[in-house]
Structure formats: structure tokens, C-alpha cells
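Q: I'm new to this one and would like to go through it with you. Could you put it up so we can start?

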Amino acid sequence: MHDKIGAVLSLDIEFILLHYLTITILQVLDEAMNTVQLKAITSAAMTLPERERAKLARDLVASLDGPADISAAEAWDTEICRRINEIKLGKAEILDADEAIARARARQTKPTARTCNW
């Protein structure tokens with residue numbers, strides 16, 4: 001049950017981020033290349049079903065990121081396995097989606113005591 005909640009929450013967050021990135025990418029492209037061709041591509045993309053637009057957004061973002069960093073992917077795989085193990089062992093605090101979103105929003109609006117040493 002908890003794995004399903006975490007998976008759903010993860011997919012919701014991924015969708016929100018992809019949606020934001022798609023809008024951001026389209027805004028940047030529109031400002032940089034305000035052309036008829038770009039408007040035609042955008043219009044065509046907006047007629048795609050949601051799933052295909054999400055895939056297009058992922059592909060566009062991936063094209064900007066450059067080649068995949070294998071060590072980063074391996075590090076994330078390790079972290080994901082660690083988190084799954086903590087859930088299975090009962091060591092992780094499991095939140096429902098509403099609580100997780102509320103905590104995330106609270107962190108975004110609350111100033112932190114951390115300082116940067118840049």
C-alpha cells in the first residue's frame with residue numbers, strides 16, 4: 001500500500017515538473033525564436049494527447065541536458081534502493097499525498113536558517 005502511495009506521489013510530482021518544464025521550454029523557445037515555424041510546432045504539440053506531450057517534454061529536456069551521466073544514474077539507483085529498503089523495514093515515515101505536498105509547500109515558503117558559503 002505504501003509503495004503504491006509513494007509511486008503515485010512520485011508520478012504526480014514528475015508530471016507537475018514535466019508540465020512546468022514544458023511550459024518553460026515553450027516560453028523560452030517562443031522568446032528566442034518567435035517564428036511562424038515555432039508557433040506551428042507548438043500548436044501541433046499542444047494537440048497531442050497528454051501522454052505524448054509528456055514524452056515530448058522529457059525528450060526536449062533530455063536534449064538540453066547533454067549526455068547521460070552514468071555515475072549520477074548509479075547514485076540515484078543506490079538511493080532509490082536505500083529508500084525502498086527503509087520503507088520495507090518500517091524505518092521510513094510514510095505520508096499520504098496531501099501531507100507530503102503540504103510539507104513541501106511549507107518548506108518552499110518558510111525561510112531556512114542555512115547559510116551559503118559561496
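Q: What does E99 form a salt bridge with?
A: In this predicted model, E99 forms a salt bridge with R103, and the closest N and O atoms of the two are 2.8 Å apart.

Q: Ok, and how many residues apart are they in the helix?
A: They are four residues apart in helix α5, which covers residues 97-109, so about one helical turn separates E99 from R103.

Q: Is E99 buried or exposed? And what about R103?
A: Each falls in between: E99 is partly exposed, with a relative accessible area of 33%, and R103 also counts as partly exposed, at 34% relative accessibility. Elsewhere, salt bridges that share partners join E79, R82, R83 and E86 into one network.

Q: Let's look at that network, then. Which side chain does E79 meet in a salt bridge at 2.5 Å?
A: That is the side chain of R82, with the 2.5 Å taken from N to O. E79 also meets the side chain of R83 in a salt bridge, where the N to O distance is 2.7 Å.

Q: Where do E79 and R83 lie?
A: Both lie in helix α4, four residues apart, which is about one turn of the helix. E79 and R82 are three residues apart in helix α4, residues 70-88, so they too are separated by about one helical turn.

Q: And R82 and R83, buried or exposed?
A: R82 counts as partly exposed because its relative accessibility is 38%, and R83 is partly exposed as well, with a relative accessible area of 45%.

Q: How many salt bridges does the structure hold?
A: The structure holds six salt bridges, and those described here include E79 with R82, E79 with R83 and E99 with R103.

Q: Changing topic: how much space lies in the second largest pocket?
A: About 260 Å³ of space lies in the second largest pocket.

Q: Which residues line it?
A: The lining of the second largest pocket is made up of I13, I16, L17, A100, I101, A104, R105 and Q108. By class, six of these residues are nonpolar, one is polar and one is charged.

Q: Which helices supply at least two residues of that lining?
A: Helix α1, which covers residues 2-32, and helix α5 each supply at least two residues of the lining of this pocket. The largest share, five residues, comes from α5, the helix in which E99 and R103 are four residues apart.

Technical notes
Residues numbered from 1 in each chain as written. Predicted model: local features only at pLDDT ≥ 70, side-chain atom pairs only at ≥ 80, totals over all residues. Heavy atoms only, no water. Salt bridge = Lys/Arg side-chain N within 4 Å of Asp/Glu carboxyl O. Buried < 20%, exposed > 50% of the residue type's maximum accessible area, 1.4 Å probe, protein only. 1 Å grid on protein atoms, 1.4 Å probe; cavity = no way out; pocket = protein on both sides within 12 Å on 5 of 7 lines; lining within 4 Å. Points joined across faces, edges and corners; volume = space filled by probe spheres on them. Nonpolar A, V, L, I, M, F, W, Y, C, P; charged D, E, K, R; others polar.
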